[in-house]
Amino acid sequence: MNTPSPLPDNAQTLVKAYLLNLQHQLCEQFEALDGTGRFIHDEWTRPLGGGGITRVLTLGSVFAKVGVNFSHVFGEQLPATASTLRPELQGYRFDALGVSVVSHPDNPYVPTSHANVRFFMAHKDGAPSVWWFGGGFDLTPYYGFEEDCKHWHQTALLACQPFGSDVYPRFKAWCDRYFYLKHREEARGIGGLFFDDYYEHGFQHAFELMQSIGDHFIKGYAPIVQRRKAMPYGPQQQAFQHYRRGRYVEFNLIYDRGTLFGLQSGGRTESILMSLPPEVSWHYNYQPEAHTEEAKLYSDYLPIRDWIT
């Protein structure tokens with residue numbers, strides 16, 4: 001087993017302080033984007049250890065729902081989803097800290113967005129602690145715009161550039177693989193960044209990379225929201241949005257490791273399922289009409305592609 005370098009004594013304190021500040025900053029920025037909506041603040045505790053702060057904005061001027069959740073949970077045995085890449089850690093005690101973000105806009109021309117940054121520590125008597133970072137951000141448009149997709153991926157590139165020229169292409173490809181609905185044989189959206197089990201070059205380097213990805217999420221998303229939030233739309237566009245939201249639900253309930261980790265670790269169900277959209281619809285064997293904007297989502301945007309060059 002490759003073992004990460006030793007942690008500084010204040011590692012958990014540093015990560016927790018950053019995550020709580022990130023949650024606060026994101027809530028302020030989403031409230032500014034929305035204009036009228038305000039977040040509720042709901043602190044919770046986990047009977048098996050730890051807890052979190054769930055913050056949710058609903059029925060705003062721009063967003064149907066935004067959730068920005070912080071959690072720090074710990075326990076005597078690492079859940080299976082957290083040890084997928086490291087099965088030898090089954091039975092270790094653990095601490096897991098993270099912030100997760102999901103936004104579901106009202107306007108179908110504004111894409112849904114998701115971000116997550118997290119830190120895991122696994123402990124066992126007589127063995128060195130094992131730790132890693134994970135996270136990323138991805139975008140799920142209902143109607144595609146080239147400039148939005150290029151901006152999103154350019155921002156992802158900027159988040160990764162200080163840490164090596166190989167980081168963006170690695171994390172972009174990982175995101176494309178991860179956010180893929182195998183049973184539909186299609187991507188959930190246009191991707192972005194995804195990484196896990198990351199401890200390269202020591203704690204400080206890995207922590208700074210996680211922070212850069214956390215900080216760049218809103219830089220990628222906010223300009224897209226500003227460009228699209230006032231675009232006129234009608235029942236056809238909203239119906240298609242509700243149909244495509246079904247793909248989001250399917251992924252989160254079937255594949256998403258964060259959802260599975262939360263449920264397996266005895267997390268708070270209301271906070272875990274906060275990521276689901278408020279209104280969704282399914283239609284049997286739906287096929288978009290050829291040469292429409294809806295059809296272009298499937299032909300031009302969901303297939304994996306290089307948005308930078």
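**Cysteines, cores and aromatic pairs in a predicted model**

Me: Is Cys 160 buried or exposed, and what is its relative accessible area?
Reply: In this predicted model, the cut-off for a buried residue is under 20% relative accessible area. Cys 160 falls under that limit and is therefore buried, its relative accessible area being 1%.

Me: Why is the sulfur of Cys 160 in no bond with the closest cysteine sulfur, and how far away is the latter?
Reply: A disulfide requires two cysteine sulfur atoms within 2.5 Å. The closest cysteine sulfur to that of Cys 160 belongs to Cys 175 and is too far for a bond, at 11 Å.

Me: How many disulfides does a search of the whole structure find?
Reply: Cys 149 counts as buried, at 2% relative accessibility. A search of the whole structure gives a disulfide count of 0. Cys 149 accordingly has no disulfide partner, and its nearest cysteine sulfur, in Cys 175, lies at 13 Å. The number of disulfides found is thus 0.

Me: Which helix gives the most residues to the largest nonpolar core?
Reply: The largest nonpolar core comprises 76 residues, and Phe 30, Phe 133 and Phe 217 have the most contacts inside it. With 12 residues, the element that gives the most to this core is helix 4 (residues 202-228).

Me: Which residues are among the 6 of another core, apart from the largest one?
Reply: The largest nonpolar core has 76 residues. Apart from it lies another core, of 6 residues, which includes Cys 175, Tyr 178, Leu 181 and Phe 251.

Me: Within what arc do the buried residues of helix 3 fall?
Reply: Helix 3 (residues 167-178) spans 16 Å from its first C-alpha to its last, close to the 16 Å expected. Its buried residues are Val 167, Tyr 168, Phe 171, Lys 172, Cys 175, Asp 176 and Tyr 178. Seen down the helix axis, these residues line one face, because they fall within an arc of 170°.

Me: What kind of aromatic pair do the rings of Tyr 178 and Phe 251 form?
Reply: The ring centres of Tyr 178 and Phe 251 are 5.5 Å apart and the planes stand at 80°. Planes over 60 degrees apart count as edge-to-face. The pair of Tyr 178 and Phe 251 is therefore edge-to-face.

Me: How many residues apart are Tyr 178 and Phe 251?
Reply: Both residues are buried, Tyr 178 at 15% relative accessible area and Phe 251 at 0%. Tyr 178 lies in helix 3 and Phe 251 in helix 5 (residues 235-254), so that their pair links distant parts of the chain, with a separation in residues of 73.

Terms used. Residues numbered from 1 in each chain as written. Predicted model: local features only at pLDDT ≥ 70, side-chain atom pairs only at ≥ 80, totals over all residues. Heavy atoms only, no water. Core = buried A, V, L, I, M, F, W, Y, C linked by side-chain atoms within 4.5 Å. Buried < 20%, exposed > 50% of the residue type's maximum accessible area, 1.4 Å probe, protein only. Helix = DSSP H or I, 4+ residues; strand = E, 2+ residues; numbered from the N terminus. Expected span 1.5 Å × (residues − 1). Arc of directions from axis to C-beta. Phe/Tyr/Trp six-rings, centres within 6.5 Å; stacked < 30°, edge-to-face > 60°.
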